[in-house]
Amino acid sequence: MDQRRRGFLRLLAAAPLALMGNSCRNGRAEVEAGETLGTATGGADAPGAACEVTGGDILGPFHIKNAPSRNVLADPLEPGKRLKIKGRVLDVDCKPLAGAMLDVWHADDRGEYGTDTTTYKLRGQMVTAADGSYELETILPGAYRLGSSFRPRHVHFIASQPGFVPLTTQLYFAGDPQLPPNDPCSDCASDDASLVIALTEDSGIMHGTFDIVLARARRRG
């Protein structure tokens, strides 16, 4: 087992609470009292619509701060199946959040994370448009070994907006054979169905939609 994988295991075993923080599964404790956390009803523009706060997941050991501003994460020559993810960032009333920041990163086709802060391989930050929308272009990340098994393919997200609880989570893909009960990461949230999206293929490119719902920060005083 290489040094990066051993480091990952040590982090998971020694400090799951530090990795999870306020924006993971226990992050809903920070939701403002009275917010709706039930299943989304109606469309985003429907009167009285309510959206469920997106579930959190662990940060993991491979996040690097200050990734460049870009929504095309993969170089044209980067090996792997091309992938496009689009969606919107919303509040619990299903209203779009313009200017929300998304920090996105993932492993390459071989399951390796880039660590070079010159290229920031497969890493980037983007801001949502006036309608809360975003779109990113990259490649489908590879699975990597953890212990005696493999983690499912996943993309890491940190979503933030002033006045809202920052969210750290991971996006998974339907049909992945390493989804629970086969995911060896017991502290990860790959069993959260809201974090698993279906992909469709068009002209050799995989497409998926992932909406993110943020909770309003607790008012102080």
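Three exercises on backbone and disulfide geometry follow, each with a worked solution.

The model is predicted: local features need pLDDT of at least 70, side-chain atom pairs count only at pLDDT 80 or more, and totals for chains, interfaces and linings use all residues. Residues are numbered from 1 along each chain as its sequence is written, and side-chain values use heavy atoms, with hydrogens and water left out.

**Exercise 1.** State how many disulfides (pairs of cysteine sulfur atoms within 2.5 Å) the structure holds, and describe each.

Solution.
- The structure holds two disulfides.
- Cys51 and Cys94 form one of them, with sulfur atoms 2.0 Å apart. Cys51 is in the loop between α2 (16-20) and β1 (82-90), and Cys94 in the loop between β1 and β2, 43 residues apart. Helices (H or I, at least four residues) and strands (E, at least two) are DSSP runs, numbered from the N terminus.
- The link of Cys51 and Cys94 is right-handed, with 115° about the S-S bond.
- Cys185 is joined to Cys188, S to S 2.0 Å. The torsion about this S-S bond is about 75°, so the disulfide is right-handed.
- In sequence order, the bonded cysteines pair 1-2, 3-4.

**Exercise 2.** Is Tyr120 buried or exposed?

Solution.
- Buried means under 20% relative accessible area, exposed over 50%, and partly exposed in between (1.4 Å probe, protein chains only).
- Tyr120 has a relative accessible area of 13%, so Tyr120 is buried.
- Tyr120 is not a glycine, yet has a positive phi of about 45°.

**Exercise 3.** Locate the cis peptide bond between Pro180 and Pro181.

Solution.
- The bond from Pro180 to Pro181 has omega near 15°.
- Pro181 lies in the loop between β8 (167-173) and β9 (196-197).
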